[in-house]
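User: I would like to learn how to read the fold and the ligand site of a model. Where should we begin?

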Amino acid sequence: MKHLIIYSHFNPDSFTKAVTDKLFDTAKAKGHEIKMIDLYADQFDPVLKASDIQTEIETPKNILAYQELIKWADHYSVIYPLWWGQMPAILKGFIDRVFANGVAFQYGPEGPKGLLGGRSARVIINTGTPDIYYEQTGMHKAQVRVNDAGVFGFCGIDTQITFFGDVAMGSDDLRKSYLEQVPVLVP
Ligand SMILES: Cc1cc2nc3c(=O)[nH]c(=O)nc-3n(C[C@H](O)[C@H](O)[C@H](O)COP(=O)(O)O)c2cc1C
């Protein structure tokens with residue numbers, strides 16, 4: 001399996017990094033061919049530019065290289081902390097710039113069509129808020145809708161979402177139990 005891991009956190013001591021490491025080790029043990037995008041380490045510029053979307057201007061080389069990676073993969077793991085009810089800005093900007101028209105989707109006479117069909121994604125979202133509260137308030141539902149219908153599913157990717165809640169104030173045992181669940185999230 002060609003497995004692309006997209007990691008979005010500035011802190012190597014974060015829970016998000018611990019999840020990413022566990023996922024990486026599991027995928028390696030399963031024999032996956034793995035490529036990792038570490039957006040902070042790459043100092044990715046998340047601001048969409050005319051050159052990203054206007055065909056008459058040359059697309060930046062780093063964006064073309066990321067686009068090759070998303071076409072290369074047949075599975076994506078996307079791991080991030082929830083910030084203000086949304087994905088980190090650096091990841092949002094990555095999607096804006098890399099999942100471009102003609103690469104990840106295309107508009108035709110019948111509307112938009114995903115170009116990344118046949119691929120799967122596991123999105124892992126870490127939240128400070130306990131799961132039960134976000135289940136009750138519809139916040140989880142909103143994340144599923146945005147990630148699936150709004151982004152990855154829109155591009156034709158079969159998308160599954162996992163939430164790990166209460167990770168900041170919860171106990172070490174809770175965080176440990178989440179890390180133990182990571183292997184089942186790797187195909
Ligand atoms: C700028 C910022 C905004 C945040 N917004 C939310 C939020 O909207 N909902 C939530 O549950 N947690 C929120 N948090 C808490 C983080 O999701 C939580 O600290 C994180 O998942 C812990 O994992 P980490 O160790 O990987 O950072 C926010 C944290 C920061 C720094």
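Analyst: Begin with the definition of the elements: helices are DSSP runs of H or I with at least four residues, and strands are runs of E with at least two. The model here is predicted. On that definition the protein has seven helices and seven strands.

User: In which pattern do they follow along the sequence?

Analyst: The pattern reads β-α-β-α-α-β-α-β-β-β-α-α-β-α. The radius of gyration of the protein is 17 Å and the globule rule gives 16 Å for 187 residues, so the protein is as compact as a globular protein of that length.

User: How much of the protein is buried?

Analyst: Buried means under 20% relative accessible area. Here 43% of the 187 residues count as buried. The accessible surface comes to about 9,800 Å², and carbon and sulfur atoms hold 54% of that surface.

User: What share of the contacts with a separation of 6 or more joins residues 24 or more positions apart?

Analyst: Such pairs account for 76% of those contacts in the protein.

User: Now the ligand. Which residues come nearest to the ligand?

Analyst: There are 16 residues around the ligand, and T16, L82, G85, T129 and Y134 come nearest. By class, the shell has eight nonpolar, eight polar and no charged residues.

User: Which ligand atoms pair with G85, T129 and Y134?

Analyst: A polar contact needs N or O atoms within 3.5 Å. A polar backbone atom of G85 is 2.8 Å from a ligand oxygen, and an N or O atom in the side chain of T129 is 2.7 Å from a ligand oxygen. For Y134, a polar side-chain atom lies 2.7 Å from a ligand nitrogen. The ligand on its own has 630 Å² of accessible area, and the protein covers 68% of that area.

Technical notes:
Residues numbered from 1 in each chain as written. Predicted model: local features only at pLDDT ≥ 70, side-chain atom pairs only at ≥ 80, totals over all residues. Heavy atoms only, no water. Near = heavy atom within 4 Å. Polar contact = N/O pair within 3.5 Å; in protein donor to acceptor, adjacent residues only side chain to side chain. Areas by Shrake-Rupley, 256 points an atom, 1.4 Å probe, with all protein chains shown as cover. Nonpolar A, V, L, I, M, F, W, Y, C, P; charged D, E, K, R; others polar. Rg over C-alpha atoms; globule rule 2.2 N^0.38 Å. Buried < 20%, exposed > 50% of the residue type's maximum accessible area, 1.4 Å probe, protein only. Contact = heavy atoms within 4.5 Å.
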